[in-house]
Amino acid sequence: MSAATQLIELDHEHLIHPLHYPKDHEHPLLLVEGQGEMLRDADGKSYIDGLSGLWNVNAGHGRKELGEAASGQMAKLAFASAYTGATNEPAIRLADRLVKLAYSNISAVYFTTAGAESNESAFKFARYHWKVRGKPQKVKVFSRVHAYHGVTMAAMSATGMAIYHKMFGPLVPNFLQVPAPYPYRWPGNGDPGIEAADALEEAIVKEGPDTVAAVIAEPVMGAGGVIVPPETYFPRLRQICDRHDVLLIADEVITGFGRTGRWFALGHWGVEPDLVSFAKGVTSAYLPLGGVLVSKRVHRSLEEAPADQKFMHAATYSGHPVCCAVALKNLDIFEREGLVERAAIMGRRLLAGLESLRQLPVVGDVRGLGMMCGVELVESREGKKPAIGLGAKVAREALARGLLIRIRAGGTSPAIGDTIFIAPPLMTPAETIDRVVDILSTSIKAATR
Ligand SMILES: Cc1ncc(COP(=O)(O)O)c(C=O)c1O
């Protein structure tokens, strides 16, 4: 029995996976090495990493200097808490650097270790802010259908895909949902950006603005199907939030750190959020780190709160010096190699290539922003009937041809076809981008033959 086969047997016996289902895991891909945008499995077969790991290896694999940053910091000071009354240099330097890179209204950072924890923290920042401001009834959080915000209870409750709720309910109370600005499937002839934003306003008014703390939104929805909003959406959402004193939380766990061709994505539409959740790309996944970028407005509530309203939010690993040291080095790489600008340029090339897939009868929609693209599959273009099951076949065909991708499995309520995600590392060379498009085209043809 080969070492790889032995490992898989042990895996089957003892390892529980995210999205665990034994039949889906009979023949897992055992990756052993990565370099740039390429991965290698235990049998020596190479793959293009078409999703940058899980949308997170933005700088690409095999960056030795990130390993050196981690080992250097571990050797010097492996851990120091950042609880009030203590601090450490990598956390301070990273906070300062992120504030300078982020929206102009951002003035501080709270660190976490993952995206879900960032969102949990953002919800707590929002409630905390309103309590300090004398509005303790403002507790409700709105999110959108098709949203993905993470695995913890509140983040799951804000997630807008029922499949993530089914076996874990009941949901946390006071998390409510409104439609997503999803142009491909928006009913009627109106502007989905305007109408989806107005649907939020109606819902805020119905619930009572005095009860609503925040709305959370991914600038481009990721796991829900790479749904890019119309230009009208976020500017109007911002106005609505301002009108009703509701905080806007941008979930930039995927869209942050260059993925869409900007450091942070709401800049595409000239909008500034009150809180920003981030994770993934901040370290290019070399170590787990996340956080919340906090606007001056919310920061002031923390600074001005009386002693009996302290921010009692205490994560052991907030401001972990090793994770922060790796993030700092990762930002050096981004700046040295111009990865954010590169993502904008290569993203245009990727999207233009994918547009050519529209000739295939099962390709209903092609969309994307920067290095974050989606291809939605349908049974037929006319009725837009979602193709269910085809995405998994395409992913298998692509894997056989050396392209690693993931999909959102489609459904009918609300309707969405299986959607293929394409989001390679930001350093991926132009030739590989073109190869991704070629392999995808061949794989869709093979899957529909
Ligand atoms: C937009 C968004 N928010 C939050 C999360 C949760 O992040 P994590 O899995 O690091 O907790 C994800 C994960 O994919 C995500 O895409």
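Which atom of the ligand lies 3.5 Å from a backbone N or O atom of Tyr 148? In this predicted model, the partner is a nitrogen atom of the ligand. Let's start there and then visit two other places in the structure.

**Around the ligand**

The ligand has a shell of residues around it, among them Ala 114, Gly 115, Ala 116, Tyr 148, Asp 251 and Lys 280. Asn 119, His 149, Gly 150, Glu 218, Val 253 and Ile 254 also belong to the surroundings of the ligand. Sorted by class, this shell has five nonpolar, four polar and three charged residues. Helix 5, which runs over residues 115-132, gives the most to the shell, with three residues.

Here are the polar contacts between protein and ligand that we can look at in detail:

| Residue | Protein atom | Ligand atom | Distance |
|---|---|---|---|
| Ala 116 | backbone N or O | oxygen | 2.7 Å |
| Tyr 148 | backbone N or O | nitrogen | 3.5 Å |
| Lys 280 | side-chain N or O | oxygen | 3.0 Å |

How much of the ligand does the protein bury? Taken alone, the ligand exposes 390 Å², and the protein buries 82% of that.

**Helix 12 and its two sides**

Now move along the chain to helix 12, residues 390-400. Leu 390, Gly 391, Val 394, Ala 395 and Ala 398 in this helix are buried. These residues sit on the same side of helix 12 because they cover an arc of only 140° around the axis. A general rule helps here: an α-helix has 3.6 residues a turn, so residues three or four places apart point the same way.

Arg 396 and Ala 400 are exposed, on the other side of helix 12. What covers the buried residues? The cover includes helix 13 (430-448) as well as strand 12 (373-380), strand 14 (403-404), strand 15 (406-408) and strand 18 (419-422). After helix 12 comes Gly 402, with a positive phi near 90°.

**Met 221, a residue in a loop**

Our last stop is Met 221, found in the loop between strand 7 (212-217) and helix 8 (233-243). Is Met 221 buried or exposed? Its relative accessibility is 1%, so Met 221 counts as buried; the cut-off for buried is under 20%.

Leaving aside residues up to four places away in sequence, Met 221 touches Arg 144, Val 145, His 146, Ala 147, Ala 180, Val 226, Ile 227 and Met 372. Another pair to find in the structure is Met 221 and Thr 255: they are 34 residues apart in sequence, and 8.7 Å separates them in space, C-alpha to C-alpha.

Key:
Residues numbered from 1 in each chain as written. Predicted model: local features only at pLDDT ≥ 70, side-chain atom pairs only at ≥ 80, totals over all residues. Heavy atoms only, no water. Buried < 20%, exposed > 50% of the residue type's maximum accessible area, 1.4 Å probe, protein only. Helix = DSSP H or I, 4+ residues; strand = E, 2+ residues; numbered from the N terminus. Arc of directions from axis to C-beta. Contact = heavy atoms within 4.5 Å. Near = heavy atom within 4 Å. Polar contact = N/O pair within 3.5 Å; in protein donor to acceptor, adjacent residues only side chain to side chain. Areas by Shrake-Rupley, 256 points an atom, 1.4 Å probe, with all protein chains shown as cover. Nonpolar A, V, L, I, M, F, W, Y, C, P; charged D, E, K, R; others polar.
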